[in-house]
Amino acid sequence: QKTAWTINHDIYKVAERCLERGFSIGKLAAHLRHPLLDQPMPDHLVALPKDDPDRKAWKKEKAAAYSRNTELEKKAHRSVRAITQAEKFLTYPRFYLSWSCDYRGRMYSQQTLLQPQASDYEKALLTFADGCKLDDRGEHWAAKAIATAYLGGSGSYQERLDWTYSNQDLITEVATKPMSSFPHWEGADEPWVFLQLATEWQQVVLTKTKKLWNAPIGVDATASGLQLLSAMRRDPIGMKFTNLLPPKSTKEPPQDAYLEVLRLARKESYSSPKTMHLTEYLEDRKLGKEILMKTVYGASLRTNREDIKAVFVSKGLFENPITYEEVGEITKILLRACNQVFPLAYETLKWFTLLGREAWRNKATSFNWTTPTNDKIDLIEYEQSQVQVRSQLLGNMYIQIGDKDTVDIKRSKRALAPSFIHSYDACMMKAAFKDWSNPIALNHDCFFVLPNDMDKALERIKKGFVHVCSGNPLSSLADDLGVPDKQLPRLRQGDADLTDVLGSIYMFN
């Protein structure tokens, strides 16, 4: 790629010291071997009978220490590898990353470690080799990015600007004394990105010891799949809750679809004596996110239920007081709430199921369509070959070893909706940045640029989005799949104005 990178030496030093001292911050997992593992049994215990309670207690404690050590080693393995990899490139003034596209056109990094699609600390270890001299708008976007990394993206842009300029002392302390001040930044939404941006702000804006700003700043789409489906259907409700429409005031915070789902779920739960007691547990934003993020890509009810269960497990609420049966009830309530927030999007998902069925009835051997950027997509899923492995600990297991020559019709039909949506978010990125020449990194539905370039990048994204959603993409898909309107009626479009997207503020936030 044309974008050149280098290792951020400041972040590397802090991350290396955290690993050495056993400090785990964010996704950076550090591990220090427990001293008990290298200690022999004390002589006074050796002298005791083997069934003595004290001797057995010591052996039990050491076994537990071995178990914890193994688990922590697994968690720390990637962190150690990433830092080791970064060390190899410390002396490189610039290096380049390679990328590949899947059949939908989505870009994926070909680097296992140290790439912009990785975890928070790996992103922070990377910085653009080419920087910019901050102008007024660049400083404006850099200030927003610092607050977003610390607070998350829920507040208004003005609130984020105010936070950054009101917390200069905190930023300075974190940037100049990261190890002693880590209690002040380890709880940030993206702690390592916050540290990277705070350090850059300290050097470029406050002390002016560095002339150019090199750290990437990024913005995320608000539920990109739901954005695309809502815009294609011209759904004013869905477009509102995915921030495609301009807010009434620039001081308004972005809409939060996940919180709206929870609000409606609590309303339904409280209205029934059977589920009223569950209302207090419908507060965590993760519950709304887990459902909305995956159902639009074809997640099954079972998957939804397991994801909701995992949230309660992480909070220590499963299976007391939340039972497995109640997890199922909560999942159904959340799904009904999702349908209320995005009625036309969920209607579209059902239509995709019918479309795949009718296309196959018309003797289709694969699903083919053309995107607005003239990419030809060919979707076909094959039955998978598997072998049975007999395991001493886990019993008989089946392992996938590749694809057969036989088409898997069910898998192909299930893949139609998510593949179509992903082909369009890839298409949008291609339309927006096809002739972009400044430093940039893409991550499916978000991008990273220099602060001075953010205004231009957002304008391109909005125009690209309007371009790919213009006309009736769903009707065009049915035409491409050879399913006429008489066989499957086309979905009606709502009365929202697609060009309003050009005035949106938080579409990418």
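Let's start at Arg94, which counts as partly exposed because its relative accessibility is 35%. The model you are looking at is predicted, so please read every value here as computed from it. The side chain of Arg94 meets that of Asp130 in a salt bridge, with 2.9 Å from N to O. Arg94 sits in the loop between helix H3 (53–88) and strand S2 (95–96), while Asp130 sits in the loop between strand S5 (126–128) and helix H5 (136–151), so this pair ties together parts that are 36 residues apart in sequence. Asp130 is partly exposed too, at 33% relative accessibility.

That pair belongs to a longer list, as a search of the whole structure finds 22 salt bridges. Another joins the side chains of Glu260 and Arg263, at 2.8 Å from N to O. Here both partners lie in helix H12 (residues 257–270), three residues apart, or about one turn of the helix. Are these two residues buried or exposed? Glu260 counts as buried, because its relative accessibility of 15% falls under the 20% cut-off. Arg263, with a relative accessible area of 41%, is partly exposed.

Now move toward the later part of the chain, where the side chains of Asp435 and Arg460 form a salt bridge of 2.8 Å, N to O. Asp435 is in the loop between H17 and S11, and Arg460 is in helix H18 (residues 454–469), so the contact ties together parts that are 25 residues apart in sequence. Asp435 is exposed at 53% relative accessibility, whereas Arg460 is partly exposed at 24%. If you would like to see salt bridges joined up, look at Arg357, Glu358 and Arg361, which are linked in a network of them.

Helix H17 also takes us to a pocket. The second largest pocket holds about 610 Å³ of space. Which element gives the most to its lining? H17 does, with seven residues. Strand S3 (99–101), helix H17 (409–433) and strand S11 (440–442) each supply at least two residues of this lining. In total, 31 residues line the pocket, and Gln1, Met107, Met429, Phe433 and Leu442 lie nearest its centre. By character, the lining divides into 14 nonpolar, nine polar and eight charged residues.

From the pocket, turn to the surface. Val387, Val389, Ile399 and Ile401 form a nonpolar patch there, with about 300 Å² of accessible area together. Strand S9 (382–391) and strand S10 (395–407) each supply at least two of the patch residues. Ile399 lies in strand S10 and counts as partly exposed, at 40% relative accessibility.

Finally, have a look at the backbone. Most residues other than glycine have a negative phi, and most peptide bonds are trans. Where does this model depart from that pattern? A cis peptide bond joins Phe318 and Glu319, with omega about 5 degrees, and another joins Asn320 and Pro321, with omega about 15 degrees. Glu319 is found in the loop between helix H14 (301–314) and helix H15 (324–341), and Pro321 is in the loop between H14 and H15 as well.

Positive phi values appear at Ala223, at about 50 degrees, and at Asn374, near 70 degrees. Ala223 is in the loop between strand S6 (217–220) and helix H10 (224–232), and is buried, with a relative accessible area of 17%. Asn374 is in the loop between strand S7 (367–370) and strand S8 (376–379), and is exposed, with a relative accessible area of 54%.

How values were computed:
Residues numbered from 1 in each chain as written. Predicted model: local features only at pLDDT ≥ 70, side-chain atom pairs only at ≥ 80, totals over all residues. Heavy atoms only, no water. Patch = residues over 30% accessible without salt bridge, like charges linked within 9 Å, V, L, I, M, F, W, Y side chains within 5 Å. Areas by Shrake-Rupley, 256 points an atom, 1.4 Å probe, with all protein chains shown as cover. Salt bridge = Lys/Arg side-chain N within 4 Å of Asp/Glu carboxyl O. Helix = DSSP H or I, 4+ residues; strand = E, 2+ residues; numbered from the N terminus. Buried < 20%, exposed > 50% of the residue type's maximum accessible area, 1.4 Å probe, protein only. 1 Å grid on protein atoms, 1.4 Å probe; cavity = no way out; pocket = protein on both sides within 12 Å on 5 of 7 lines; lining within 4 Å. Points joined across faces, edges and corners; volume = space filled by probe spheres on them. Nonpolar A, V, L, I, M, F, W, Y, C, P; charged D, E, K, R; others polar.
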